[in-house]
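Colleague: Before I start reading this model, could you take me through the labels attached to it and explain how each one is earned?

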Amino acid sequence: MNQSLSTQVLAQGQPWIGFDVGLLVDRFWSNTVDGLAYGSIYALVAIGYTLVYGVLKLINFAHSEVFIVGAFAAYFTFTALGFRPGPTLEIPVIEIVVNLLLAGVIAMICSGLLALTLERVAYRPLRRKKAPRLVFLITAVGASFAIQQLILLWRGANPERAIRLLRPETVFEIFGARVTNIQLTVFLASLALMLVADIFINRTRLGRGIRAVAQDPDTATLMGVNRERVIMLTFVVGGVLAGAAALFYIMQIPQGVLYNGGFLLGIKAFTAAVLGGIGNLRGALLGGLVLGIAENYGQSLFGGEWRDIVAFVLLIAILMFRPTGILGESLGKARV
Amino acid sequence: MNARNSSDSAPVPFGTKIRNWWNGLSRFQQWGVLIPLVVLVYLLPLLNFFPLTTEPGTDYEIALFNAARMALLAIGLNVVVGQAGLLDLGYVGFFAIGAYVAAVLTSPDSVLYGDYPWLAVVPIAMAVTMVSGVILGTPTLRLRGDYLAIVTLGFGEIVRLLADNIPQLRGNQGFQGVGGPPGTYSDGSPIFVQTDGTPWYWLTVTAIILVLILVGNLERSRVGRAWVAIREDEDAAEIMGVATFRFKIWAFVIGAAIGGLSGVLYAGQAAFVNNQRFDVITSVLFLAAVVLGGSGNKVGVILGALVISYIPDRFQVISEYRYLIFGLALIVLMIFRPQGLLGARQRLLAYGRQGYRKLLGRDEPVATESPMKDSGKGVNA
């Protein structure tokens with residue numbers, strides 16, 4: 001698609017990058033709606049990066065694979081439930097909801113387990129050896145790489161054929177922009193999950209343990225916090241939220257279940273986490289939504305093929321000018 | 001370093017004996033060993049029979065060329081990762097820029113096509129990659145550790161996406177007929193053709209030797225000492241008066257130039273460049289070569305590059321699984337031997353080494369840890 005597009009553009013002698021303010025104005029609200037729906041997926045994945053970074057000061061590079069494994073799990077749950085690629089079946093709403101919930105739960109379990117396994121197999125031995133941080137990062141890159149390749153060997157390079165449980169239908173319009181049932185569900189469900197996560201971290205005993213370890217691992221250990229358990233918990237929480245994000249992802253982009261489908265999304269989710277302030281839960285939400293919207297605006301402004309570049313340039317710009325993000329890094333500094 | 005692991009109690013690490021023997025030789029004796037070795041390396045394409053050959057799966061000479069090209073890349077990346085301790089996940093970007101500059105200037109498909117001699121294109125390509133190294137480095141080298149890694153990854157992707165999106169760079173369609181070095185045989189047929197890997201291999205090995213001499217001299221100079229200081233403790237280096245930012249830029253730029261050179265060679269041999277070979281996976285593969293061999297150790301990274309490139313060509317069975325194997329190898333290696341197959345050591349000059357030995361009656365201390373030390377007290381500290 002890209003190629004034919006570029007050939008076409010070349011033939012017409014058009015500039016290779018657009019700057020179409022009119023299009024942005026036209027699509028402003030629909031871009032905003034799409035951006036919010038898509039950005040809420042970034043936000044959920046970003047929490048995984050943020051929590052692990054907050055506790056271990058590690059960019060869990062393999063989190064994108066935790067996410068995509070969740071997407072595969074949800075997909076195979078769909079097929080196991082008898083859904084096939086092709087036209088969306090006409091089934092009662094309640095059945096759709098039950099099926100989606102089931103797929104979501106299985107995706108969350110798979111992602112959570114994978115995150116936990118990674119922690120146990122790859123990162124824990126390094127922690128025990130007190131390895132330098134770069135060693136952790138290289139391990140994470142290797143893990144990401146290995147999981148991706150395992151999926152490639154298993155499923156091949158082609159995406160799975162799309163399965164849609166829910167047909168997109170307009171629920172209501174806002175300033176002329178259509179909001180579909182899928183977008184609304186994804187956005188509200190993500191918000192709800194984020195709220196749960198926020199309450200969990202900020203209000204519960206286990207959450208206090210996480211914050212304590214993020215703030216000062218040694219003191220937390222002295223105060224009776226089981227550090228190993230907290231780290232495991234952190235990975236599991238991040239993994240579970242990534243699993244949920246995976247379900248929302250295949251609801252919005254059913255054709256996106258692909259061995260390296262997590263990579264780009266993972267980078268963007270990390271961008272979102274940095275944007276909001278890494279280590280900051282609410283920052284992850286804000287960063288995800290802002291990134292989702294910015295990407296869509298950029299798409300209208302510069303043209304569809306520049307969408308990903310907008311995200312990367314944004315990442316570099318934030319790290320240069322405000323490396324602590326919009327809300328600042330604060331998991332450890334949160335009130336007790 | 002960790003006193004427990006030093007020479008007195010721990011088992012002698014892999015390769016230490018050879019290293020001690022090597023370090024004990026005088027400069028002339030070292031050359032006496034090196035020259036036959038280099039001759040052997042040059043003769044490799046002629047040894048196209050059983051234990052070495054990669055045929056029938058892969059053309060043996062081209063497999064050798066690819067391994068040599070990977071070794072050149074690994075040496076370049078080693079300057080950045082191993083010497084200066086800057087984790088660069090977007091190194092493929094420089095490789096791509098080198099390949100694209102060569103393609104844009106020498107391919108008839110390009111709008112900028114002119115009858116540029118290849119020998120002029122090489123320095124142009126290297127200069128362009130150096131400039132791109134400055135462009136990437138200036139804003140990002142303020143960052144440390146993991147943030148730097150992510151930003152360089154973003155840079156690599158931006159380069160690839162630009163190749164996708166700018167129509168003049170022809171995306172997937174690519175550039176045919178990328179030029180190579182001049183020269184013809186006595187019967188008039190060109191020496192450097194796509195099908196014959198041998199001249200390309202010899203050219204690359206020559207480039208490797210030149211680059212090794214250059215990088216080796218840099219390592220032994222003030223620049224190299226500054227890199228090691230930055231790698232070991234950036235804050236301390238800064239306080240001791242090392243212009244850390246400038247030397248980090250230098251590491252980036254020199255690494256970029258070597259990557260660009262490798263890109264030019266790649267484009268020339270394949271005679272074709274499109275946007276398919278410059279993704280993050282390739283970048284991680286480069287990193288795997290450096291880390292596997294032992295970052296900070298030039299011999300080590302060459303060994304790592306051979307493992308990454310030659311082994312899958314030689315043993316076709318594992319070719320399909322190569323990325324998986326190298327991904328797993330990264331994990332296992334980081335857990336059990338983070339310094340790689342051949343670790344870096346704290347360097348003394350060759351003469352200094354012998355003096356050390358004479359004075360103290362024992363060898364210089366060997367670093368048993370990875371050079372990838374935790375440099376920062378915190379990110380962006």
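Modeller: What follows is a set of questions about labels, each answered by setting a value against its cut-off, and the model itself is a predicted one.

Colleague: Let us begin with the pair of rings in chain B; why is the pair of Phe95(B) and Phe278(B) called edge-to-face?

Modeller: The structure holds 24 aromatic pairs over all chains. In the one formed by Phe95(B) and Phe278(B), the ring centres are 5.8 Å apart and the planes make an angle of 65°. Centres within 6.5 Å count as a pair and planes over 60 degrees apart count as edge-to-face, so this pair earns the label on both values.

Colleague: What makes you say that the pair links distant parts of the chain?

Modeller: Phe95(B) belongs to helix α4 (residues 91–106) of chain B, whereas Phe278(B) lies in the loop between β2 (272–273) and α11 (280–293), and 183 residues separate them in the sequence. Phe95(B) and Phe278(B) also belong to one aromatic cluster, together with Tyr100(B), Phe175(B), Tyr266(B) and Phe286(B).

Colleague: How do you know whether Phe95(B) is buried or exposed?

Modeller: Buried means under 20% relative accessible area. Phe95(B) has a relative accessibility of 3%, so the residue counts as buried, and Phe278(B), with a relative accessible area of 3%, is buried as well. Phe278(B) is also listed among the residues with the most contacts inside the largest nonpolar core, which has 203 residues, and that list includes Phe78(A) from chain A.

Colleague: What does Phe78(A) touch, if residues up to four places away in sequence are not counted?

Modeller: With those residues set aside, Phe78(A) touches Phe83(A), Asn99(A), Leu100(A), Ala103(A), Ile163(A), Leu165(A), Leu247(A) and Ile250(A).

Colleague: Turning to helix α2 of chain A, how do you know that its ends fall short of the span of a straight helix?

Modeller: Helix α2 (residues 21–56) of chain A has 36 residues, and at 1.5 Å a residue a straight helix would reach 52 Å, but the end C-alpha atoms are only 43 Å apart. A bend of about 65° is found in α2(A) at Phe28(A).

Colleague: How does helix α12 of chain B fare when its reach is set against the expected value?

Modeller: Helix α12 (residues 298–314) of chain B has 17 residues and reaches 23 Å from its first C-alpha to its last, which is close to the 24 Å expected, although α12(B) does bend by about 30° at Val307(B). Its buried residues, among them Val301(B), Ala305(B) and Ile308(B), pack against α3 (60–83), α7 (197–220), α11, α13 (316–319) and α14 (322–336) of chain B.

Colleague: Why is Lys57(A) called partly exposed?

Modeller: Lys57(A) has a relative accessible area of 37%, and because that value lies between the 20% cut-off for buried and the 50% cut-off for exposed, the residue is partly exposed. Lys57(A) is placed in the loop between α2 and α3 (63–80) of chain A, and its phi is near 55°, a positive value in a residue other than glycine.

Colleague: Why does Ala271(B) count as buried?

Modeller: The relative accessibility of Ala271(B) is 16%, which is under the 20% cut-off, so Ala271(B) counts as buried. Ala271(B) is found in the loop between α10 (244–270) and β2 of chain B, and its phi, near 55°, is a positive value in a residue other than glycine.

Colleague: What makes you say that the charged end of Arg307(A) sits over the ring of Tyr38(A)?

Modeller: The charged end of Arg307(A) is 5.4 Å from the centre of the Tyr38(A) ring and sits over that ring. The label needs a distance within 6 Å and a position within 35 degrees of the ring normal, so the 5.4 Å meets the distance cut-off.

Colleague: Last of all, why is Val80(B) called buried, and where does it lie?

Modeller: Val80(B) lies in helix α3 of chain B, and its relative accessibility is 1%, under the 20% cut-off, so Val80(B) counts as buried. Val80(B) and Ile249(B) are 169 residues apart in sequence and 9.5 Å apart in space, C-alpha to C-alpha. Leaving out residues up to four places away in sequence, Val80(B) touches Gly85(B), Leu86(B), Asp88(B), Ala251(B), Phe252(B) and Gly255(B).

How values were computed:
Residues numbered from 1 in each chain as written. Chains lettered and ligands numbered in written order. Predicted model: local features only at pLDDT ≥ 70, side-chain atom pairs only at ≥ 80, totals over all residues. Heavy atoms only, no water. Helix = DSSP H or I, 4+ residues; strand = E, 2+ residues; numbered from the N terminus. Expected span 1.5 Å × (residues − 1). Bend = angle between axes of the 7 residues up to and from the residue. Phe/Tyr/Trp six-rings, centres within 6.5 Å; stacked < 30°, edge-to-face > 60°. Buried < 20%, exposed > 50% of the residue type's maximum accessible area, 1.4 Å probe, protein only. Core = buried A, V, L, I, M, F, W, Y, C linked by side-chain atoms within 4.5 Å. Contact = heavy atoms within 4.5 Å.
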